[in-house]
Amino acid sequence: MRWLHHFAIGVLCLTLAACSSSPTGRQRLTFFPDEQLDQMGAQAFEQYQKELPTVNGAPLRYVECVAEALIEELPPEERAQPWQVRVFKDDAANAFALPGGYIGVNTGLLKIATNQDQLAAVIGHEIGHVLAQHANERASTQSATQLGLSVVQSAAGLEGPQGEQLMGLLGAGAQYGVLLPFSRRHESEADTIGLKLMANAGFDPRASIDLWQNMSQAGNGQPPVWMSTHPSHGQRIGGLQAGMNEALASYNQAQDRGKRPNCRKP
């Protein structure tokens, strides 16, 4: 019963003072300390590197160029932490960002995102998940409803099913993101944050719509939206279009300030 779930979260907010506001002003339940989420992110990133080969050279320099331009626009505390960027050899068109400052991009995504602006839309979206503390919110909500407490308590171990659940909890990649993908609400919020972030960095926000059109044309079938935790491609495009005027104004201002990224795709 959804109303009971929300009621339980409301009670916890009152009793634990664990509610905070996301970058978009949405109230969220986050009672895990940042240090614990950062540790989980580090463990998940290490595990991901064990399971997939990494790619260096021009692809890595390209992704780092885009990521660094976006990181420059983060709030001071997030910008100050060291960010690690990796490119993984995997045909899945996917990327992720993890608490603690970790970014991963699959080579398959570089085929779908055809220029720096489209890649910035994806990485900005993934960073948006981190800024909004979606992993913390999901872990907190699951623990509050007694569905995922064992996952969080076993965060130090990444082997077997518990490890897969932890990776999914953090939204880390195609292999695990399918298991516990972020909710439609989280995905839409990350789209909003990412659109603003890429525009402030001087990337053309209109490329975010081109990206999702590419995704749709790539033939990656989606279930009906009511069966999925992700918005449909059409819904994502509609949400991005709704915020486009504001994003374009920010983009033009960034261009006037000399924010003109020049990241060359290999």
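Which residues have the most contacts inside the largest nonpolar core? They are Leu70, Ile103 and Leu119, in a core of 48 residues. This is a predicted model, in which local features need pLDDT of at least 70 and side-chain atom pairs count only at pLDDT 80 or more, while totals for chains, interfaces and linings use all residues. Residues are numbered from 1 along each chain as its sequence is written, and side-chain values use heavy atoms, with hydrogens and water left out.

**Chain totals**
- The protein chain holds 14 helices and six strands, taken as DSSP runs numbered from the N terminus (helices: H or I, at least four residues; strands: E, at least two).
- Of its 266 residues, 51% count as buried, meaning under 20% relative accessible area, with exposed over 50% and partly exposed in between (1.4 Å probe, protein chains only).
- About 12700 Å² of the protein chain is exposed, and carbon and sulfur atoms supply 51% of that area (Shrake-Rupley method, 1.4 Å probe; for residues, only the protein chains shown count as cover).
- Among contacts (heavy atoms within 4.5 Å) between residues at least 6 apart in sequence, 71% join residues at least 24 apart.

**Nonpolar cores**
- A nonpolar core is a set of buried Ala, Val, Leu, Ile, Met, Phe, Trp, Tyr and Cys residues joined through side-chain atoms within 4.5 Å.
- Leaving aside residues up to four places away in sequence, Leu119 touches Tyr62, Val63, Val66, Val105, Leu109, Leu110 and Ala113.
- A second, separate core has eight residues, including Phe45, Leu52, Phe96 and Tyr102.

**Helices H6 and H2**
- Helix H6 covers residues 116-131, and 16 of its 16 residues are buried, so the rest of the structure largely encloses it.
- The end C-alpha atoms of H6 are 21 Å apart, in agreement with the 22 Å expected for 16 residues at 1.5 Å a residue (1.5 Å times one less than the number of residues).
- At the N-terminal end of H6, Asn115 acts as a cap, with a side-chain oxygen 3.1 Å from the backbone nitrogen of Asp117.
- Gln133, just after H6, takes a positive phi of about 55°.
- Helix H2 (residues 34-51) should span 26 Å with its 18 residues, and its end C-alpha atoms are 26 Å apart, which agrees.
- The buried residues of H2 include Leu37, Met40, Phe45 and Tyr48.

**Strand pairing**
- Strands S3 (residues 54-55) and S4 (residues 84-88) pair in the antiparallel sense over two bridges, where pairing requires at least two DSSP bridges.
- Val55 stands opposite Val87 in S4.
- S4 and S6 (residues 102-106) run parallel, joined by five bridges.
- Gln84 has Tyr102 in S6 as its bridge partner.

Note on methods:
A polar contact is a pair of N or O atoms within 3.5 Å; within protein, one must be able to donate a hydrogen and the other to accept it, and residues adjacent in sequence count only if both atoms are side-chain atoms.
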